[in-house]
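Here is a friendly walk through how each label on this model earns its place. Have a look at the structure, and then we can go through the reasoning.

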Number of protein chains: 2
Amino acid sequence: MNYPLNNIKIVLCNPSHNGNIGSAARAMKTMGISQLILVSPTVTLDDHSLALASNAKDVLENALILDSLDQALSDTTIAIALTSRKREFSHSLSTPKEIMPEIFSSINNNEKVAIVFGAERTGLSIEQLEKCNRMVTIPGNPEYFSLNLAQAVQIMCYEIYSNYNPSLEHLKNNITKASAIDNQGILNHLDEVLKKTNYYKHKNETRIVRHLQHIIHKANLERDEVDLIRGILRRIEQKIV
Amino acid sequence: MNYPLNNIKIVLCNPSHNGNIGSAARAMKTMGISQLILVSPTVTLDDHSLALASNAKDVLENALILDSLDQALSDTTIAIALTSRKREFSHSLSTPKEIMPEIFSSINNNEKVAIVFGAERTGLSIEQLEKCNRMVTIPGNPEYFSLNLAQAVQIMCYEIYSNYNPSLEHLKNNITKASAIDNQGILNHLDEVLKKTNYYKHKNETRIVRHLQHIIHKANLERDEVDLIRGILRRIEQKIV
């Protein structure tokens, strides 16, 4: 099966800072996205770009450099303009989160999707914006909003990757969760200990047990934590006179 | 009512680069978060920090500088450690998206929540990690993952702000959507035009009308777009011989 994020192109229109292009490449690769298109860059890629790309220089080396946004978008079904300004057409404005279902519906269907960013200082021109069929704005503080090009690329790529692979399974150890019977075992054991220590005297036993059960449920124990607790309870039991 | 994002503290442990602190402040303010705590920074805030903070220098100026993480966390109910390494305790690892409901449940209840970041090169120490009661990892490419401190702060703050205020209403123009009767008016008008041009001859009229209706629904028209289309249809009608 194809890797769906290969259907996503990050399109930078008229980028003017080498460093930003490198940082964008790094942000892309960190989020598993590799197709970079530069439309009429006003700089050439240099050592500074490569330095900021860190180990994502393959993304830079494979970047397509094109003369026009039309070329970049020719095979895309969805072209998403990133914008932060209030626009006349703003009825179709979405947040990154709102546009995700549509992006995934397209790329899972093997259609191409472009995410289009404007020049650092000016953003997308009206002409560039009109070539896109969707508009996205990253929500933020209405009184102060300062995201540079690479940061905007990073947020979009983060949102895409998090939706593509929301799980952290590869980072997790193999864990066996406690079963209901494990948890009940702890509760019963604890109950015995409390009886032996006369803890319940003049107290509402049912209520206390229910409360302890609630705590055990919330702790969401693992198998080896059950063993630890049972071991502690056994030791305490031995020491009760 | 209190502004709930004021219950969030961004805690940077042992930050060692002035620039990162400034960039983090800027990322925070852009996402409406202002409480910054520096635990034992190995640098002092300087002009470089202020430069990178851009207009977020108020966040830097109000930053608390503390000697220990314990002090920073003393009044928090949830302390979230950001980590990217596989850890022994990784059973409780969440993504930023997974932890959001818990963050909002706390801050809306006026409890304090800390998001805790480690030093640039080393991340959080085991001791720092153990003082936190939640762990979060930003998902990304398992083969290449490169986020600096300020970028990690930015992604967390973006996720928080987007969950706090998912709407872009303040950016949208006032729009009146087309009603069902507006859409039906277009369809009826189009139908008349097609009849007058004999377009339906030898065709399945019902099916064509249904198809056109479907297109009109998908276009999600606004009131003034309805007026535009009706105007065009009137002009066409006049010119049909």
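Q: How many residue pairs are in polar contact across the interface of chain A and chain B?
A: In this predicted model, the rule finds 16 residue pairs in polar contact across the interface of chain A and chain B, with both residues at pLDDT 80 or more.

Q: Which elements give two or more residues to the side of chain A that touches chain B?
A: They are α1 (18-30), β5 (93-94), α5 (96-108) and α7 (149-164) of chain A. The largest share comes from α7(A), with eight residues. By class, that side of chain A has 18 nonpolar, 21 polar and 11 charged residues.

Q: What is the extent of the contact between chain A and chain B?
A: Contact is counted for heavy atoms within 4.5 Å, and the interface takes 50 residues from chain A and 50 residues from chain B. The size of an interface is often given as the accessible area lost when the parts come together. Here chain A and chain B bury about 4300 Å² between them, 55% of it on carbon and sulfur atoms.

Q: What makes B:K97 and A:E159 a salt bridge?
A: The cut-off is 4 Å between a side-chain nitrogen of Lys or Arg and a carboxyl oxygen of Asp or Glu. The closest N and O atoms of B:K97 and A:E159 are 2.3 Å apart, so the pair qualifies. Across the interface of chain A and chain B, the rule finds two salt bridges. Salt bridges that share partners join A:K97, A:E159, B:K97 and B:E159 into one network.

Q: How many salt bridges does the rule count over all chains?
A: The count comes to 22 over all chains. One of the pairs is A:K9 with A:D75, whose closest N and O atoms are 2.6 Å apart.

Q: Why can the pair A:K9 and A:D75 be said to tie together parts that are apart in sequence?
A: A:K9 lies in strand β1 (residues 8-13) of chain A, while A:D75 lies in the loop between α4 (69-73) and β4 (76-82) of chain A, so the salt bridge ties together parts 66 residues apart in sequence.

Q: Why is A:K9 called buried, and why is A:D75 called partly exposed?
A: Buried means under 20% relative accessible area, and partly exposed runs from there up to 50%. A:K9 has a relative accessible area of 10%, so A:K9 is buried. A:D75 is at 41%, so A:D75 counts as partly exposed.

Q: What makes A:K196 and A:E237 a salt bridge, and what does the pair tie together?
A: The closest N and O atoms of A:K196 and A:E237 are 3.1 Å apart, so they fall within the 4 Å cut-off. A:K196 lies in helix α8 (residues 180-196) of chain A and A:E237 in helix α10 (residues 223-239) of chain A, so the pair ties together parts 41 residues apart in sequence. A:K196, at 47% relative accessibility, counts as partly exposed, whereas A:E237, at 18%, is buried.

Q: How do you know that B:D70 and B:K131 form a salt bridge?
A: Their closest N and O atoms are 3.4 Å apart, which is within 4 Å, so the rule accepts the pair. B:D70 lies in helix α4 (residues 69-73) of chain B and B:K131 in the loop between α6 (126-130) and β7 (134-136) of chain B, so parts 61 residues apart in sequence are tied together. B:D70 is partly exposed at 45% relative accessible area, and B:K131 counts as partly exposed at 39%.

Q: What makes the phi of B:S40 worth pointing out?
A: Most residues other than glycine have a negative phi. The phi of B:S40 is near 40°, a positive value in a residue other than glycine. B:S40 is found in the loop between β2 (35-39) and α2 (47-53) of chain B.

Q: Why is B:N198 called exposed?
A: The label needs over 50% relative accessible area, and B:N198 has 54%, so B:N198 is exposed. B:N198 also has a positive phi of about 60° although it is not a glycine, and its place is in the loop between α8 (180-196) and α9 (205-219) of chain B.

Q: How do you know that the two copies are related as by a two-fold rotation axis?
A: Chain A can be laid on chain B with an RMSD of 0.1 Å by a turn of 180° and a shift of 0.1 Å along the axis. The two copies are therefore related as by a two-fold rotation axis. In chain A, the C-alpha nearest the axis belongs to A:I155, 3.3 Å from it. The same surface serves both copies, as 100% of the contact residues of chain A recur in chain B.

Key:
Residues are numbered from 1 along each chain as its sequence is written. Chains are lettered from A and ligands numbered from 1 in the order in which they are written. This is a predicted model: local features need pLDDT of at least 70, side-chain atom pairs count only at pLDDT 80 or more; totals for chains, interfaces and linings use all residues. Side-chain values use heavy atoms; hydrogens and water are left out. Buried area is the accessible area (1.4 Å probe) that two parts lose on being put together, summed over both. A polar contact is a pair of N or O atoms within 3.5 Å; within protein, one must be able to donate a hydrogen and the other to accept it, and residues adjacent in sequence count only if both atoms are side-chain atoms. Helices (H or I, at least four residues) and strands (E, at least two) are DSSP runs, numbered from the N terminus. Ala, Val, Leu, Ile, Met, Phe, Trp, Tyr, Cys and Pro count as nonpolar, Asp, Glu, Lys and Arg as charged, and the others, Gly among them, as polar. Buried means under 20% relative accessible area, exposed over 50%, partly exposed in between (1.4 Å probe, protein chains only). Copies are superposed by least squares on the C-alpha atoms of residues with pLDDT of at least 70 in both.
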